[in-house]
Amino acid sequence: MRRLSVAMDGATDAALSAHLLRSDGQEDLCFAMWRPSTGLTRTTALVQDPILPIPGERQVHGNASFNPEYVLRAAREAGQAGKGLAFAHSHPAGSGWQVLNSGDALAESRIANVARELTGLPLIGLTLAGDGAWSARLWSGAGRAVRPLGCESVRVVGDGFRITFDDSLLPVPGIAATQIRTVHTWGERTQAMIARLSVAVAGAGSVGMAIVDTLARTGIRRLGVLDFDTVELVNIDRLRGASVLDAYVMRPKTHVARRLLEEGSTAAQPSHELHELSICESDGLRRLLDFDLVFSCVDRPWPRHVLNTIAFADLIPVVEGGLSAFQNPDRSLRNGYWSSTVVRPGRPCLVCLGQYDPALVQVERDGSLDDPSYIENMPTDAPLRRRENVAALSAMVTAALLQQFVAFVARPSGFGDPGPLRFSLRDHTIERVATVCDPECPYAASRGVGDARLDPSARHLRAEEARKHRAHLPLQAGIVRVLDDVVRGLQRFIGRLAG
Amino acid sequence: MNGLERFVADLSVLGRECERRNGLAVVTLDVERPDLVGPLQVGADPPNEFPNLPPHWLHAPRQLVIPGGKPHPSELGPDWLKWSRTHPNWKGGANGARLWLAHARSLVLTATKV
């Protein structure tokens with residue numbers, strides 16, 4: 001069965017909350033619209049565009065009730081906009097995830113058929129508790145057979161990340177002995193939230209691999225890693241967990257990531273998804289849409305474009321960073337910069353931040369960036385020609401990304417992510433980047449469009465070639481790989497005996 | 001609407017003659033150059049995500065040499081060559097066709113004729 005979830009941006013949450021959480025403490029209700037975002041195993045309803053009642057359309061009397069005219073107006077407006085209908089009401093005295101009671105279920109079931117008939121999409125029911133926690137369900141079926149299907153989570157992507165979970169679908173994990181120091185730092189509630197997030201890491205290079213290791217040790221249960229590449233000798237100086245042997249037997253980077261996850265995870269029942277895919281491939285993109293948050297550990301324009309697209313279109317926040325180092329004429333280090341941000345509605349997109357050139361996406365897509373003669377034609381200072389990377393500098397980018405992540409999800413003292421930051425190695429300064437999106441920015445304008453986004457995925461020849469190349473391992477290397485698998489299997493077995 | 005269809009429609013709105021040929025858009029430019037008499041046609045390959053993303057190649061008649069790197073064979077035939085000349089500051093959005101037109105015109109103006 002498909003997993004279901006709901007997401008909304010901070011502006012939608014603020015508008016709905018302002019209406020539903022009344023100063024007189026009474027319940028209230030309203031409608032909104034939603035659009036689907038379809039991943040491989042999860043559908044997310046992207047709630048947007050509140051349709052607030054006009055006088056006479058609903059009555060407040062401790063509880064709240066609505067007139068049929070309000071339902072019809074809201075459903076027609078949603079249908080005309082090509083969107084689904086969501087019905088929201090409040091439980092001002094409640095806190096946390098609200099279980100659907102029989103009265104609310106009856107009211108929503110009466111709207112469900114009208115919503116489906118006038119919009120072509122099922123009704124989404126939402127409940128807002130007094131502490132700002134959302135709960136949600138999707139009304140499936142038709143006629144008398146309508147029934148609510150539970151959504152596993154509702155996330156609000158605003159100034160800081162808020163998410164509520166249905167504990168019956170995603171139970172609060174117990175605190176393991178290996179997590180005690182972590183829990184002492186930010187408390188059980190934050191740990192219960194972070195541990196249940198589903199987080200993907202796009203790109204298992206020097207930064208990505210360190211992020212994977214850190215997230216596993218933090219106790220995040222559901223982690224995904226997407227990378228199509230193979231470990232090579234040139235990676236060994238900075239790729240955590242990788243060895244010369246991995247390069248010799250042409251291990252995919254996701255294999256090394258799996259080892260790190262297995263060795264480092266503190267979650268009780270971890271669920272690790274390792275995919276030898278580029279996020280630019282259709283399958284990779286659909287898998288990415290199954291996650292609540294993504295770390296961008298990629299360095300090329302096309303994958304950055306994919307992530308920039310889903311951060312706005314699918315309300316999946318992307319923690320992104322980059323490194324640039326500059327040399328003096330004698331090739332000594334002049335300065336290094338690393339930048340970090342959370343890409344999401346309300347923050348600048350990666351194009352407006354200058355993190356990649358959109359004109360180069362198509363250049364990468366048609367294979368030109370993998371053509372040495374094409375690269376030779378580029379200016380010597382073009383970012384795509386520069387190959388600088390040092391383990392210590394990668395570690396700094398990793399730290400900058402994790403700083404953004406912790407600020408965004410743990411929200412120390414209620415503060416969320418700081419916005420785009422830029423660090424200067426020579427000057428030892430941190431600069432807040434004040435960039436905002438261009439008024440015409442197509443990414444910012446695509447907020448919440450979900451499946452109606454312009455599809456950024458396509459065939460990825462480099463990924464296909466990498467997988468094909470690994471499939472033709474020389475005989476001697478193949479034997480060494482089998483022996484390595486046996487030795488590592490024994491190590492795991494001994495580890496289990498000890499644990 | 002997006003991609004090639006959107007590119008052709010947007011250029012038509014701007015009063016440009018634009019036709020589809022071999023999966024590309026062929027646009028007629030009016031370039032004020034004494035050595036190029038009459039309207040000049042150039043080709044573009046708008047991606048599916050135009051106007052979020054710009055076309056990559058500029059296809060031009062073989063007699064034009066556009067500075068800044070070597071050409072490649074064009075899908076428009078032997079009388080054409082394609083040049084990798086990306087837009088230097090693409091912002092996308094509603095003005096995509098206008099931005100590309102200005103870019104194409106500036107490339108043609110700096111080209112030499114052989």
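**Exercise 1.** In which sense do strand β1 and strand β10 of chain A pair, and over how many bridges?

*Solution.* Keep in mind that this is a predicted model. Start by finding the two strands: β1 covers residues 3–9 of chain A and β10 covers residues 153–158. Next, look at how they run: they pair in the parallel sense, over 5 bridges. To see one of the pairings, go to Ala7(A), whose bridge partner in β10(A) is Arg155(A).

**Exercise 2.** Work out the strand order of the open sheet in chain A, and find its edge strands.

*Solution.* Walk across the sheet strand by strand: β9-β8-β7-β6-β2-β3-β1-β10-β11, with 9 strands and mixed pairing. At the edges you meet β9 (147–150) and β11 (160–165) of chain A, each pairing on one side only. Now check the twist: neighbouring strands are turned by 30° against each other on average, direction ignored.

**Exercise 3.** Decide how α5 and α7 of chain A are oriented relative to each other, and describe their contact.

*Solution.* First, locate the helices: α5(A) spans residues 206–218 and α7(A) spans residues 253–264. They pack at an angle of about 25°, with their axes 8 Å apart. Angles under 35 degrees count as roughly parallel, so α5(A) and α7(A) are roughly parallel to each other. Then look at the handedness: α5(A) passes α7(A) in a right-handed crossing. Finally, inspect the contact, where α5(A) contributes residues including Met209(A) and Val212(A), while Leu260(A) and Leu261(A) are among those from α7(A). Sorted by character, the residues of this contact of α5(A) with α7(A) are 7 nonpolar, 1 polar and 3 charged.

Definitions and conventions
Residues numbered from 1 in each chain as written. Chains lettered and ligands numbered in written order. Predicted model: local features only at pLDDT ≥ 70, side-chain atom pairs only at ≥ 80, totals over all residues. Heavy atoms only, no water. Pairing = 2+ DSSP bridges. Helix = DSSP H or I, 4+ residues; strand = E, 2+ residues; numbered from the N terminus. Axes fitted to C-alpha atoms, helices over the stretch in contact; angles between N-to-C directions. Parallel < 35°, antiparallel > 145°, perpendicular 65-115°, else oblique. Left-handed = near helix turned anticlockwise from the far one by under 90°. Contact = heavy atoms within 4.5 Å. Nonpolar A, V, L, I, M, F, W, Y, C, P; charged D, E, K, R; others polar.
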